[in-house]
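Student: I would like to go through this model step by step. Where should we begin?

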Amino acid sequence: MQHLDEESLSLLALGEDLGDDAADHLRSCADCAAELEGLRRVVVAARPGPEDAALAQPGPHVWAGIHSALGLGSAVAADPLGPPPESPFRPAAPSPSGVPAELPAPDAGARWKEGRKKQDRSGGAGWIRRPGVWLAAAAATVLLAAGVVWSVQQNQPAVTPLAQAALAPVDQHSATGSARVVEAADGQRTLEVQVDKNEARGYQEVWLIAPDLSRLVSLGVMTSESGTFALPAGLDLSEYPIVDVSDEPVDGNPAHSSVSIVRGTLAT
């Protein structure tokens, strides 16, 4: 018995009509029918519709956690998986054949025959050469998307808030902000800092300072309006409770410039 080839089965799975001979063969050949059913399941997975199970979309808190952990700016604060801005353009309503009403419905049988001719003339080249590869790629894309969504949802570390502070402007500045210390499940503590604008003439540096201002610890540079900084192990926050964001000139001096933009005291 001559079985249907891979290209024919792939076209059938995509909804093409290959004529009565192919239909008769599928009714009498359990192997080809089983392979076609498997390919159709791939097509369904690659083209989810209202009746198909959709991938779970992470909530806005997932992007908020990523945004905070990477210290991104306010320009990318919006959830990229959230609803897009409403477009003034609307697609044309499809006709019953599934294509825009102003376009003629394609002749599936004629297109398949023409593709066959191109394949025969070119020794396997042409658009119909390996549709099975497209199906495999579509299935891989669906599985990869599901894995990415699951990974983002599962890999967000659970954190415990330890302390927080409101950051008020210092001297001639007007920026305000907030800071909080959180602890991950592995014991790593981080300081999350946000300000509503960057008023530094040089660059912003984040510090923890003792109550009498005699000792201080630099946590790093904040290049945008928010940042996350790992706290050194063993650092006693009761000895360094003041959060300070300073304006540092690019002069190579690692000391505090004495120009603070915002400042606040951590409280549990």
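Tutor: We begin with a definition: helices (H or I, at least four residues) and strands (E, at least two) are DSSP runs, numbered from the N terminus. The model we apply this to is predicted.

Student: In what order do the elements of the protein chain run from the N terminus on?

Tutor: The protein chain holds 6 helices and 8 strands. Read from the N terminus, their order is α-α-α-α-α-α-β-β-β-β-β-β-β-β.

Student: What share of the residues in the protein chain is buried?

Tutor: A residue counts as buried when its relative accessible area is under 20%. The protein chain has 268 residues, and the buried share of them is 32%.

Student: Is helix 1 largely enclosed or largely open, and which of its residues are buried?

Tutor: Helix 1 covers residues 6-13, and 7 of its 8 residues are buried, so the rest of the structure largely encloses it. Just after the helix, G15 has a positive phi of about 100°. The buried residues are E7, S8, L9, S10, L11, L12 and A13.

Student: How many disulfides does the count come to?

Tutor: The cut-off is a pair of cysteine sulfur atoms within 2.5 Å. For C29, the nearest cysteine sulfur is that of C32, 3.6 Å away, and C29 is in no disulfide. C29 counts as buried at 4% relative accessibility, and C32 counts as buried at 3%. The number of disulfides is 0.

Student: In which sense do strand 1 and strand 2 pair?

Tutor: Strand 1 is residues 159-169 and strand 2 is residues 177-184, with 8 bridges between them. A163 has V181 of strand 2 as its bridge partner, and L167 has G177. The sense of the pairing is antiparallel.

Student: How many residues lie between strand 2 and strand 3 in their hairpin?

Tutor: Strand 3, residues 189-195, runs antiparallel to strand 2 and is joined to it by 7 bridges. G177 stands opposite V195 of strand 3. In the turn, G187 has a positive phi of about 95°, and the number of residues between the two strands is 4.

Student: Which residue of strand 8 stands opposite P169?

Tutor: Strand 1 and strand 8 pair over 2 bridges, in the antiparallel sense. Opposite P169, in strand 8, stands V262.

Student: Which residues of the largest nonpolar core touch the most other members?

Tutor: In soluble globular proteins, nonpolar side chains tend to be buried together. Here, the elements giving two or more residues to the largest core are strand 1, strand 2, strand 3, strand 4 (203-209), strand 5 (216-222), strand 7 (242-248) and strand 8 (260-265). A second, separate core has 13 residues, among them L4, A22, C32 and L39. Of the 25 residues in the largest core, those touching the most other members are L191, V193, V206, L208, L219 and L266.

Student: How far apart in space are L191 and L219, C-alpha to C-alpha?

Tutor: L191 is in strand 3, and its relative accessible area of 0% makes it buried. Leaving out residues up to four places away in sequence, L191 touches residues including V181, V206, L219, F229 and V243. L191 and L219 are 28 residues apart in sequence, and their C-alpha distance is 8.8 Å.

Student: How far apart, N to O, are the side chains of R180 and E192 in their salt bridge?

Tutor: Side chains of opposite charge can pair when their charged atoms come close. The pair links distant parts of the chain, with R180 in strand 2 and E192 in strand 3, 12 residues apart. R180 is partly exposed at 32% relative accessibility, whereas E192 is buried at 17%. The N to O distance is 2.7 Å.

Student: Is D244, which forms a salt bridge with R263, buried or exposed?

Tutor: The closest N and O atoms of R263 and D244 are 2.9 Å apart. R263 lies in strand 8 and D244 in strand 7, so the pair ties together parts that are 19 residues apart in sequence. R263 is partly exposed at 28% relative accessibility. D244, at 0%, is buried.

Student: How many salt bridges does a search of the whole structure find?

Tutor: Another of the pairs is E239 with R215, at 3.8 Å, N to O. E239 lies in the loop between strand 6 (226-230) and strand 7, and R215 in the loop between strand 4 and strand 5. The salt bridges found in the whole structure number 4.

Notes: Residues numbered from 1 in each chain as written. Predicted model: local features only at pLDDT ≥ 70, side-chain atom pairs only at ≥ 80, totals over all residues. Heavy atoms only, no water. Buried < 20%, exposed > 50% of the residue type's maximum accessible area, 1.4 Å probe, protein only. Pairing = 2+ DSSP bridges. Core = buried A, V, L, I, M, F, W, Y, C linked by side-chain atoms within 4.5 Å. Contact = heavy atoms within 4.5 Å.
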